[in-house]
Amino acid sequence: YQRRVRGGSGSVGKCVVNTLTRSNACQRITSVGRRTVDAFNDNSKIVQHIVEMDKLEQQVEPIAVGHDVAFCTIGIGKPTGTPIEEIMKVEVEYVSAFARACHKAGIKRFQIFTGVGADISSSVTMLSVYGKKELAVKEIGFKHTSIFRPSAILGNESTPAVINVLMPLVSCAIPSQYRPIQETELAACLVRDCEINPIQEGAENVVNIFSYAEMKALLNKNET
């Protein structure tokens with residue numbers, strides 16, 4: 001199959017691309033972003049495209065034709081101090097534009113991550129934004145959408161160093177949905193879900209949501 005990754009130059013995006021390169025089932029990877037990644041240049045599986053974010057839908061649609069799955073790793077990175085208008089533009093508008101382009105191009109499966117507690121009605125800004133992001137993708141109507149809701153992402157370039165140090169130490173003492181996950185594990189979940197949970201015949205607008213426990217179970221599940 002052939003995979004399409006948006007946000008491939010970001011921290012999680014690069015992990016997803018690297019995971020896909022090691023998959024024997026994946027024949028081609030198209031990475032789309034604001035810049036290219038030098039480390040991808042020598043891999044024959046990867047084709048990179050630079051796009052203008054404000055023209056995302058128009059530019060992505062023709063590139064996405066012929067792909068089976070889209071992975072969306074677009075995110076604001078460090079939202080603290082960022083105006084809500086900018087957060088919404090990146091987290092919801094750009095994600096929606098990418099998803100619409102993929103759907104128009106015939107892609108049937110969409111993989112995305114948001115955050116634990118995502119809820120459009122939440123009083124917490126980022127949780128409300130994540131809820132709107134999820135709703136926007138759901139409404140587009142892919143045959144299959146998988147949404148991953150991690151808590152802290154360890155090893156991510158946007159995660160504060162103190163979180164990377166302290167969270168593993170207290171992980172066992174907090175509710176499972178709030179436990180941290182390694183960035184490489186999150187990327188592996190997005191990819192592995194496609195490999196062991198294929199789209200079922202006749203599926204229409206199926207949405208699967210994965211929190212910490214489901215993600216860990218997915219990593220431990222054998223291929224069928």
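Seven helices and nine strands make up the secondary structure of the protein, going by a model that is predicted. As for overall shape, the C-alpha trace spans about 45 × 45 × 40 Å along its principal axes. The radius of gyration comes out at 17 Å, which agrees with the value near 17 Å that a compact globule of 224 residues would have.

Next, the pockets. The largest pocket has a volume of about 1000 Å³, and 40 residues line it. Nearest the centre of this pocket sit Gly75, Ile76, Gly77, Asn156 and Ser158. Sorted by class, the lining breaks down into 19 nonpolar, 14 polar and seven charged residues. Several helices chip in here: H1 (11–21), H3 (84–104), H4 (125–140) and H5 each provide at least two of the lining residues.

Helix H5, which runs over residues 161–170, turns up again on the surface. Val162, a residue of H5, joins Val165, Leu166, Leu169 and Val170 in a nonpolar surface patch of about 480 Å². So H5 matters to the bookkeeping twice over, given that helix H5 also supplies at least two residues to the lining of the largest pocket.On the charged side, the structure holds nine salt bridges. One of them pairs the side chains of Asp54 and Lys89, at 3.6 Å from N to O. Asp54 lies in the loop between strand S3 (46–50) and helix H2 (56–64), while Lys89 lies in helix H3, so this pair ties together parts that are 35 residues apart in sequence. Helix H3 is also among the helices that supply at least two residues of the lining of the largest pocket.

Key:
Residues numbered from 1 in each chain as written. Predicted model: local features only at pLDDT ≥ 70, side-chain atom pairs only at ≥ 80, totals over all residues. Heavy atoms only, no water. Patch = residues over 30% accessible without salt bridge, like charges linked within 9 Å, V, L, I, M, F, W, Y side chains within 5 Å. Areas by Shrake-Rupley, 256 points an atom, 1.4 Å probe, with all protein chains shown as cover. Salt bridge = Lys/Arg side-chain N within 4 Å of Asp/Glu carboxyl O. Helix = DSSP H or I, 4+ residues; strand = E, 2+ residues; numbered from the N terminus. 1 Å grid on protein atoms, 1.4 Å probe; cavity = no way out; pocket = protein on both sides within 12 Å on 5 of 7 lines; lining within 4 Å. Points joined across faces, edges and corners; volume = space filled by probe spheres on them. Nonpolar A, V, L, I, M, F, W, Y, C, P; charged D, E, K, R; others polar. Rg over C-alpha atoms; globule rule 2.2 N^0.38 Å.
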